[in-house]
Amino acid sequence: MHTAGDVRVEDRDDPEIIEPTDAVIRLTATCVCGSDLWPYRGIEPADHTLMGHEYVGVVEEVGSEVRTVKAGDFVVGSFVISDNTCEICRSGYQSGCVHRAFVAGTIGTQAEKARIPYADGTLVATPGQPDEDLIPSLLAASDVLGTGWYGAVAAEAGPGKTVAVVGDGAVGLMAVLAAKQLGAERIIAMSRHPERQKLARYYGATDIIEERGDAGVAKIKELTGGLGAHSVVEAVGTRESTMQAIGATRPGGHMGFVGVNYDVHIPGFELFLAGIHMEGGPAPVRRFLPELIQLIWDRKIDPGKVFDLELPLEQAAEAYKAMDERRAIKALLRP
Ligand SMILES: [Zn+2]
């Protein structure tokens, strides 16, 4: 991304193994993330930035110390590089690894090839070569599914719980899927977009709320006997959506916040009065990858439906444009 709104596909040198813990992969599929729209819209700076952080592909070469993946393996990687061995990783928070690096901006997986550091700690091999129709779902596991899943886990979605999801982008829809898998009794999706409402229902939403802000909070309270939801997933990252999520969570309830935050200022007194549990941030996707890959492999979940546009990598600029204009929920790119 040369600058805001200016995405170009250009030739770069092929990546090579540098550290003995590296792998070089050839990408089978990649995609555009909702968070890529922040620099695209000029909210975050972009200056010849290497874009892309979601990826699946085939390992071409590994460094001498890589043990768990080998050349020829089909792999899914997290959008955060992690060693998966430090104390933070072992506690399940790989996105806070002491060797953390964000794939976006430093590696950029909207590309044909990528060098992945800490391959053992970042990549997970699938049980075999996937059928073509599983590729979008495996790609979703790399970020949006893993992130929506973390949002639902952080919000303690589970049996007997009412879960509300703020945000109808890919992550919000994946949080609906996750809440359903985790056994939630009632799942409320907040969306005013007919196509996204349809997909939310497909993934398990039992109720749809179109109102936003205070009106959205009032509607959730109305549906929950005035109490608010047990579990709320915030999957947008704006001030309005954050306050809506806090307001929709019942006292003692749990809110998972996984929308990339920009310029969100929470009035301390409102937070204090809410009396809720909050957990969030960049999702430790690596924690969930083995389980999510297996669910996809066994065709128990179908997250790939969030991709409603597929283009060759050369047309990346059009993929950004379609998502920016909300003509597409999520665009898959084929290198
Ligand atoms: Zn670590």
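## A tour of sheet, core and domains

Start with the open sheet: six strands, ordered β10-β9-β8-β11-β12-β13, with parallel pairing. Keep in mind that this is a predicted model. Colour the two edge strands, β10 (207-209) and β13 (277-280). Each of them pairs on one side only. Now look along the sheet: from one strand to the next, the twist averages 20°.

**Inside the sheet.** Select β8 (residues 162-166) together with β11 (residues 229-234). Four bridges join this pair, in the parallel sense. Zoom in on Val 163 of the model; opposite stands Ser 231 in β11.

**The core.** Stay with Val 163 and add Val 165, Met 174 and Val 176. In the largest nonpolar core, which has 108 residues, these four touch the most other members. Which helix gives the largest share of this core? Select α7 (residues 170-181): nine core residues come from this helix. Why does the core lie between the two domains? Domain 1 (23-143 + 284-334) and domain 2 (148-280) both give residues to the core, so it lies between them.

**Met 174.** Show the surroundings of this residue, leaving aside neighbours within four places in sequence. Met 174 is then in contact with Ala 140, Val 144, Leu 145, Thr 147, Gly 148 and Trp 149. Two further contacts of Met 174 are Pro 303 and Val 306.

**The domains.** Colour the protein chain by its division: 23-143 + 284-334 for domain 1, 148-280 for domain 2. How far apart do the C-alpha centres of domain 1 and domain 2 lie? They lie 25 Å apart. The contact takes 14 residues from domain 1 and 13 residues from domain 2. Look at the side of domain 1 that touches domain 2. By class, that side has 10 nonpolar, two polar and two charged residues.

**Strand β6.** Move on to residues 113-116 and show the side chains, which alternate along the strand. Which of them are buried, and which are not? Ala 114 and Ile 116 point to one face and are buried. Lys 113 and Arg 115 point to the other face and are not buried.

**Its partner, β1.** Add strand β1 (residues 23-31), which pairs with β6 in the antiparallel sense. Four bridges link β1 and β6. Finish at one of the paired positions: Val 24 has Arg 115 in β6 as its bridge partner.

Note on methods: Residues are numbered from 1 along each chain as its sequence is written. This is a predicted model: local features need pLDDT of at least 70, side-chain atom pairs count only at pLDDT 80 or more; totals for chains, interfaces and linings use all residues. A nonpolar core is a set of buried Ala, Val, Leu, Ile, Met, Phe, Trp, Tyr and Cys residues joined through C-beta atoms within 7 Å. A residue is buried if 20 or more other C-beta atoms lie within 10 Å of its own, exposed if 12 or fewer, and partly exposed in between; C-beta atoms are placed from the backbone. Domain bounds come from an automatic or database domain assignment. Two residues are in contact if their C-beta atoms, placed from the backbone, lie within 7 Å. Two strands pair if DSSP finds at least two bridges between them. Axes are lines fitted to C-alpha atoms, for helices over the stretch in contact, and angles run from 0 to 180 degrees between N-to-C directions. Ala, Val, Leu, Ile, Met, Phe, Trp, Tyr, Cys and Pro count as nonpolar, Asp, Glu, Lys and Arg as charged, and the others, Gly among them, as polar.
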